[in-house]
Amino acid sequence: MPARPLILISNDDSLTAPGIAHLVRLMGELEAEIVVVAPASPQSGMGHAITIGHPLRLDKSDLFGPEVAAYACTGTPADCVKIAKHYVLKDRRPDLVVSGINHGSNSSVNVLYSGTMSAAIEAAIEGLPAIGFSLCEYGDEADFSHVGPWVLEVCRQALAHGIPVGTALNVNIPKKASGPIRGIRLARQARAKWQERFEQRHDPYRRPYYWLLGEFLNQDPGLDTDEAALADGYVSVVPCQYDLTNYQGLASMAEAWQLALPPAGPGATPPQPSEDYGPAAQ
């Protein structure tokens, strides 16, 4: 671990969310130099959106005291990491980027919609070690009192041993009401989906509008998934990558469609196909 690590903090629930205040306090226990760049307003479900064609504004904040350089950014979580790296920190390289602590789970397919994880993945794209933390309890009144030891353990391991290049860790923590946490478990992303529907409602002028509703369906019986780990009372840690290529699909399509795959080229080290865990997606 560096003598005094430089840690960049962001989130998607905004600079004033309770979860990020807990994360700032915990990173202070690592005796780190802390820089916070977070959205000025809530950005949940924003995914990896970035701001194009509109200006970004950056306002300094003393919300976390004089020892923490904090900024509210009018952009998305991914914008926050971009402007932090290229403007706020300029030529300085963070030893770790942490995002969260999100109010609500980002396990399984939720990682695709998550602004919290998009901040972490944006850091990974920039070649920075990154972690997204989420508590599996929604609402501003979520109880974060039990998360400290687990957040600190993951961060200490990351600072001491590193995170694979191009990887962001998706860390989900069971809510306190679920019972004592049994430990930390490495896992894969469960195959799940949202069974969604739109409910038509009417405003006071009787004009229709639509509200998205849904039920989370875990379609994966595997015991090695993040959903299984959380159900068993463990903190789940899923290494995520921004390369979305399905390498098994690439190989099978080349054979079935009779299309040649070009050589990777000198010096290229394309990822190897991973083992197909669990049942095939329906």
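This report looks at the whole chain, then at one residue, Asn172.

**The chain**

The model is predicted. Its chain holds six helices and eleven strands. Along the principal axes, the C-alpha trace spans about 60 × 60 × 50 Å. Does the radius of gyration point to a compact globule, and what is its value? It is 20 Å, and a compact globule of 282 residues would have one near 19 Å, so the two agree.

Contacts reach far along the sequence. Take those between residues at least 6 apart: 78% of them join residues at least 24 apart.

The table collects further values for the chain.

| Property | Value |
|---|---|
| Share of the 282 residues that count as buried | 46% |
| Accessible surface | about 15300 Å² |
| Share of that surface from carbon and sulfur atoms | 54% |
| Positive side chains | 21 |
| Negative side chains | 31 |
| Distance between the centres of the two charge sets | 3 Å |

**Asn172**

Now zoom in. Asn172 sits in strand β7, which runs over residues 167–173. Is Asn172 buried or exposed? Its relative accessibility is 0%, so Asn172 counts as buried. The cut-off for buried is under 20%.

Which side chain makes a polar contact with the side chain of Asn172? The partner is Asn170, at 3.3 Å.

Other contacts come from elsewhere in the sequence. With neighbours within four places left aside, Asn172 touches Ser105, Asn106 and Ser107, among others. Ser134 and Cys136 are also in contact with Asn172. The list further includes Leu230, Tyr234, Val235 and Ser236.

Note on methods:
Residues are numbered from 1 along each chain as its sequence is written. This is a predicted model: local features need pLDDT of at least 70, side-chain atom pairs count only at pLDDT 80 or more; totals for chains, interfaces and linings use all residues. Side-chain values use heavy atoms; hydrogens and water are left out. Helices (H or I, at least four residues) and strands (E, at least two) are DSSP runs, numbered from the N terminus. Buried means under 20% relative accessible area, exposed over 50%, partly exposed in between (1.4 Å probe, protein chains only). A polar contact is a pair of N or O atoms within 3.5 Å; within protein, one must be able to donate a hydrogen and the other to accept it, and residues adjacent in sequence count only if both atoms are side-chain atoms. Contact means heavy atoms within 4.5 Å. The radius of gyration is taken over C-alpha atoms; the globule rule is 2.2 Å times the number of residues to the power 0.38. Accessible areas come from the Shrake-Rupley method with a 1.4 Å probe; for residues, only the protein chains shown count as cover. Lys and Arg count as positive and Asp and Glu as negative; His and the chain ends are not counted. The place of a charge is taken as NZ of Lys, CZ of Arg, CG of Asp or CD of Glu.
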